Amino acid sequence: MDARIAAAAAAATLVAVGVVLVASGVPLGGGAGGGAAMTERWVSDTGTGIGANHHAVAAGVVGGEGFAFAPVSGPAGSEECRLAALDGATGETRWRDPVAPEHCTLHSVADPAVADADGDGDRELLAATTAEELAVYDARSGEVERRLPLNSYGYSRPAVGDLAGDGTPETLAVDAGGTVFAYRANGTLAWRHALNGSAYAPPGVGDFTGDGTDEFAVGLGTDRVVLFDAGGRVVWERAAFGESVAWTATADVAGDDAAEFVIATTAGTVAALDGRTGEAVWTRDIDEFAAVRGVGDGDGDGDPEVYAVARDQRLRALDGATGETEWTVDLAEGDAQMTPPPAFGDVDGDGHPEVVAVTNGGTVSVVDPVEGRVTATYARDVSVFTHPTLADVDGDGAAEVFVMYGDGRVVSIGAAGGGGGDG
């Protein structure tokens, strides 16, 4: 089971019996490094009756306008579940697509994505739901352009890539039951492959084999990792160390001109898998509920780092080629239910990237990736169960930070000196 589901389900139980959720971590105030607090730009009016929202925001510029897209869950059977498009500057709701009460659950709308799904040059919004479909929206108006069927409810973020290498995109999704779907730009089904196991981790699209075209990587909650080619054929399949894959990242961390699939498991293993063969380039055992997402050359040495966290609320910079620890920093004291993975991007507009990390207790920290030092923080007394999203929605050259809190409200934060990011 995904760490987010376990932690969010526990939080939902506490809310159901009337326990107030408070921050479990210790806020860092102005930051361990003495930096100024981050600036709250806005808090959305999307609060719900549960404290366990755990699907991440998508954000970006569409048609010259900045948006944040919030997957909002509410009490089961209620009318609170919806996908909400928020104005990137004010947080006001621009449009909403409700989820019918019979489909309203803890994870009614999966992590959305902003991408050009039909190859027309305009970016659409894609999101899977508990109605067992992947909806493709006109991101500005909210008009549904097509609904693509799934076998089960959607949980992870869909992806768009040119697997066939013909210049037109495919839309790729894996539902919670482990069925992988590839849809052509016109919405017709290209192929489908049923895997034997649940799927909650984000899938990956990239040139894993180094042949100049994209492949699609999937990590399962039942100890499997699988890579598919353009035709839906399995390139390789391997065990995930006997553990459940909870989080993933896709990047060329080995410097071999092909992407690696970096996985993190609920038992605490972080591993970089060779995209060509599936063999482990390196493995690290950290702590339970390991999580990865942000990858990049944070220290400017020409080699990428993998930024990993775990239940111990410690952020680690791992050398992308070897997995060795370059630095660690404590984001909060003690263990948490889980720690969401960090994001990577330039949030202060100085041309150099930062790491943005969140804690289960509600603290958002900007970390200097050279020294591993916290330089700025923001804290809200509400739990967080998913990663932050970075995107420059106002065009000032600095990425804004968007965080989905457990109560269903999105907070937009700007770092000192600026508001791009990982979208």
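Here are legends for several close-up views of a predicted model.

**View 1. The whole chain, before we zoom in.**
Let's start with the big picture: the protein chain has one helix and 32 strands. It runs to 423 residues, and 60% of them count as buried. The accessible surface of the protein chain adds up to about 14,200 Å², and carbon and sulfur atoms account for 45% of that. A search of the whole structure turns up 15 salt bridges, and some of them get their own views below.

**View 2. A hairpin made by β8 and β9.**
Here strand β8 (residues 133–138) sits alongside strand β9 (residues 144–149), and the two pair in the antiparallel sense over five bridges. Want to pick out one of the partners? Look for Val-136, whose bridge partner in β9 is Arg-146. Then follow the chain through the five residues between the strands, where Gly-142 takes a positive phi near 85 degrees.

**View 3. A salt bridge between two loops: Asp-256 and Arg-276.**
In this pair, the closest N and O atoms are 3.5 Å apart. The two residues come from distant parts of the chain, 20 residues apart: Asp-256 belongs to the loop between β18 (245–251) and β19 (260–265), while Arg-276 belongs to the loop between β20 (269–273) and β21 (280–285). Are these residues buried or exposed? Neither label fits: Asp-256 has a relative accessible area of 23%, so it counts as partly exposed, and Arg-276, with 39%, is partly exposed too.

**View 4. Asp-407 meets Arg-380.**
The side chains of Asp-407 and Arg-380 form a salt bridge, with 2.7 Å from N to O. Again the pair links distant parts of the chain, this time 27 residues apart. You'll find Asp-407 in the loop between β31 (400–404) and β32 (410–414), and Arg-380 in the loop between β29 (373–379) and β30 (389–391). Both Asp-407 and Arg-380 are buried.

**View 5. Arg-316 and Asp-312, a buried pair.**
How far is it from N to O in this salt bridge? The answer is 2.4 Å, where the side chains of Arg-316 and Asp-312 meet. Arg-316 is buried, and so is Asp-312.

**View 6. Two residues with a positive phi that aren't glycine.**
Phe-241 has a phi near 60 degrees, a positive value in a residue other than glycine. Look for Phe-241 in the loop between β17 (234–239) and β18. Its relative accessibility is 30%, so Phe-241 counts as partly exposed. Asp-257 is also a residue other than glycine with a positive phi, here near 65 degrees. Asp-257 sits in the loop between β18 and β19. Why does Asp-257 count as exposed? Because its relative accessible area is 67%, and exposed means over 50%.

**View 7. A patch of negative charge on the surface.**
Four residues gather here: Asp-301, Asp-303, Glu-324 and Glu-326. Together they make up a patch of negative charge on the surface. Let's single out Asp-303, which lies in the loop between β22 (291–296) and β23 (305–309). With 42% relative accessibility, Asp-303 counts as partly exposed.

How values were computed:
Residues numbered from 1 in each chain as written. Predicted model: local features only at pLDDT ≥ 70, side-chain atom pairs only at ≥ 80, totals over all residues. Heavy atoms only, no water. Patch = residues over 30% accessible without salt bridge, like charges linked within 9 Å, V, L, I, M, F, W, Y side chains within 5 Å. Areas by Shrake-Rupley, 256 points an atom, 1.4 Å probe, with all protein chains shown as cover. Lys, Arg positive; Asp, Glu negative; His and termini not counted. Charge placed at Lys NZ, Arg CZ, Asp CG, Glu CD. Helix = DSSP H or I, 4+ residues; strand = E, 2+ residues; numbered from the N terminus. Buried < 20%, exposed > 50% of the residue type's maximum accessible area, 1.4 Å probe, protein only. Pairing = 2+ DSSP bridges.
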